[in-house]
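This report describes selected parts of a structure for a reader who has not met it before. It takes up a sheet, a contact between chains, and a set of paired strands with the helix that links two of them.

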Amino acid sequence: MSLLAVDNLHLWYDAGGGNVVRAVDGVSFTLEERGEALGIVGESGSGKSSLALALMRMLPKNVARFDGSVRLDGQELIALPDDQFRREIRWSRIAMVFQGAMSVLNPVLRIGEQIAEPLLLDGRFDKAGARARVRDLLQRVGLPADFASRYPHELSGGQRQRVGIATALALDPDVLILDEPTSALDVSVQAQIMNLLKDLKEDPGISMLFITHDIGLASDLCDRIAVTYAGEQMELGPADRVLVAPRHPYSQLLLASLPRLHSDVPPRPMPGDPPDLTSLPLGCRFHPRCPYAFEVCLNHPPPIPLPDRGHARCWLNDPFVAGERYEIHLRPVEAAVD
Amino acid sequence: MTETLLVPPAVVPKSGPLLALDDVSMVFQTRKGLFRGGTVTAVSGVSLVVAHGETLALVGESGSGKTTVGRISIRLLQPTSGRVLFDGQDISQVPEEQLGWLRKRAAIVFQDPFSSLNPYMTVSDLVAEPLVIDGVNDVDARRAQVRAALEAVDLTPIERFVHAYPTSMSGGQRQRVGIARALIRNPDYIVADEPVSMVDASSRVEILDLLNGLQRDHDVAFLYITHDIASARHFADHIAVMHLGSIVETGSAPQIIDQPVHPYTRALIAAVPEPDPANRFRRRATEPWQDAPGAAIHPGCPHGGSIDEPAVLLEVSGQPGHIVACHLEPARAR
């Protein structure tokens, strides 16, 4: 049984004027075992942060559709009443680290009190127990225990993000969702936070959903990568394969658009414009920007299974539909998988 | 690590660079008050050269002073000491009223396209504003120049954008407006201060390609300020690495990326997460240099350098133009 199994999850927003934004549109993935990390990679507006909010059930008011299946250790979460979800799941089983380490912390509360808040609300800890636990947590994220008595403004950005991680770890969650945890940090501080996440992934073996726009950063930590575009997962697969042999043209172009440090190949700009989320193109949502698009792409492609437990939502992966195009565009990819 | 031989740099007379900073320092006054006062040295002893029509990338982390250097280079800030030569003229202490000519020849593109554009102005008003200030009163002439600038930055079809407000545009499109604004006076030199850090990853290359194209077509020189050393490799001719207010290493882009000498440059390069399976799960070396404010040298310096001796600029032997600031090597070089 998977630790976390998300199946056909939808989160749509009512954008007013009869418009609907399909932020999460039929997303499926699993986290199989403890200590596995899945990278959710996408541009802004691809629905990757909405996925995090859906899993934490921290929904805005204008939700138009929220359904599908989220199973944690076999327990279906979608059907749980809000009150039970808050008491039994949020923060204690699934926790989250937010993007803006600067704005998430309360400026007038000492660090220790902020970390202790979920501990005291949970009821498992008395004051003395919570104090000891806060010291433990601070140490685990690489901060001195006496930081508990400091205020957020006394901390650097990297230190504040460590506090955010300590807060999320307070109740020993099974799954940690990280939403762009390093995007506001310098590269050297980013590397330190990534090192910390690698440690936590190994010991105590926390499973992670790592949400980022930077596929390089995702590959640094994650075992598998899911590439999202316009609310859909375009590709899912082992990071080692997705980086070298992406099976979806969007993943290919995304990788080609990154400036590489040790390559003379110049980065190529992504063709076309980002999609208008309130009026998505018919058929494959990427086809207006796709250099390989052909007639069939006007039909909406399903996630086509790949031999490595992954999938790609692109007709080119179906040899019967793609015909000779399958050979042309995905041949080198095929070779890399073998 | 391979031993790098450092030698004193040959003094090559530069044949009139467009911009030259010579030993520029900037000290800011902080905490003004009757009983409390303090200073922050944001930039100390920076010298750099930008040739006509070339791009120099100024790479560093936040607080390194790279934005301050960019602003000094077009006299948005007056340096505390040192000379700023623009086309041979020292502009470092000239009063602002006499800098009208510089404002036409040098421009800046700001980092944040969300806060640097007035939300109450349309795109055409934003782009035309410098011309209005210049006293171009002919509305038709202004309109023609605005159209040309919007075309140059690929904001087409123009009709869709001229009357648009920035709030209805994406980050990449807004940044194009910022570039068109900088371009409208046909400058020779543009400071691009983190022009793509707030733009979506997949649109960054497009903006940088655009800047490259402008350089080709209009012979503009760029000071490209960035924290992303990988993008500097592809979009700059030369790279200068800044750390705590000083330039620690300069050279051609391949020299800096492929054969970095200064420990800070090496650490900066090592911290870049590359999407390459070979790099995965590797713990990145992160010496605590950012926890040592004020230390002019990387605590992880493999030479065990001492900062008792002032840093000296030395050239990497066999690599003309590849200069590194080192505290330790002077003793060896002697």
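The model is predicted. In chain A, four strands form an open sheet in the order β2-β1-β4-β5, and their pairing is antiparallel. The edges of this sheet are β2 (19-31) and β5 (75-76) of chain A; each has a single partner strand, so one side of each is left without a neighbour in the sheet.

Within the sheet, β1 (residues 4-16) of chain A pairs with β4 (residues 63-72) of chain A over eight bridges, in the antiparallel sense. One point of this pairing can be found from A:Y13, whose bridge partner in β4(A) is A:V63. Helix α1 (residues 48-56) of chain A lies across β1, β2 and β4 of chain A, and runs at about 70° to β2(A).

**Where the chains touch**

Chain A places 35 residues in contact with 32 residues of chain B. On the chain A side, α7 (187-202), α8 (215-221), α9 (239-244) and α10 (249-256) each supply at least two residues. The largest share, eight residues, comes from α7(A). Sorted by class, the side of chain A that touches chain B has 19 nonpolar, eight polar and eight charged residues.

**Paired strands in chain B**

The following strand pairs belong to chain B.

| Strand pair | Sense | Bridges | Residues opposite each other |
|---|---|---|---|
| β4(B) and β10(B) | parallel | four bridges | B:L58 and B:A240 |
| β10(B) and β11(B) | antiparallel | six bridges | B:H238 and B:S252 |
| β4(B) and β9(B) | parallel | five bridges | B:V59 and B:T226 |
| β8(B) and β9(B) | parallel | five bridges | B:D193 and B:I225 |

Strand β10 (residues 238-243) of chain B is mostly covered, with six of its six residues buried. In a regular strand, side chains alternate between the two faces of the sheet. On one side of β10(B) are B:H238, B:A240 and B:M242, and on the other are B:I239, B:V241 and B:H243; all are buried, and both faces are covered.

β10(B) also forms a hairpin with β11(B). Two residues lie between these strands, and B:L244 in the turn has a positive phi of about 50°.

Strand β9 (residues 221-226) of chain B is likewise mostly covered: six of its six residues are buried. B:A221, B:L223 and B:I225 point one way from β9(B), while B:F222, B:Y224 and B:T226 point the other way, and all are buried.

**The helix between β8(B) and β9(B)**

Together with helix α7 (residues 201-218) of chain B, β8(B) and β9(B) make a right-handed β-α-β unit. Does the length of α7(B) come out shorter than, longer than or in agreement with what its 18 residues should span? At 1.5 Å a residue, the expected span is 26 Å, and the end C-alpha atoms are 26 Å apart, which agrees.

Which residues of α7(B) are buried? They are B:A201, B:S202, B:S203, B:R204, B:V205, B:E206, B:I207, B:L208 and B:L211. The buried residues of α7(B) pack against α6 (171-183), β8, β9 and α8 (229-235) of chain B, and also against α10 of chain A. That α10 of chain A is one of the helices that supply at least two residues to the side of chain A touching chain B. Just after α7(B), B:D219 takes a positive phi of about 55°.

Note on methods:
Residues are numbered from 1 along each chain as its sequence is written. Chains are lettered from A and ligands numbered from 1 in the order in which they are written. This is a predicted model: local features need pLDDT of at least 70, side-chain atom pairs count only at pLDDT 80 or more; totals for chains, interfaces and linings use all residues. Two strands pair if DSSP finds at least two bridges between them. Two residues are in contact if their C-beta atoms, placed from the backbone, lie within 7 Å. Axes are lines fitted to C-alpha atoms, for helices over the stretch in contact, and angles run from 0 to 180 degrees between N-to-C directions. Ala, Val, Leu, Ile, Met, Phe, Trp, Tyr, Cys and Pro count as nonpolar, Asp, Glu, Lys and Arg as charged, and the others, Gly among them, as polar. A residue is buried if 20 or more other C-beta atoms lie within 10 Å of its own, exposed if 12 or fewer, and partly exposed in between; C-beta atoms are placed from the backbone. A crossover is right-handed if, with the strands pointing away from the viewer, the path from the first strand over the helix to the second runs clockwise. The expected span of a helix is 1.5 Å times one less than its number of residues.
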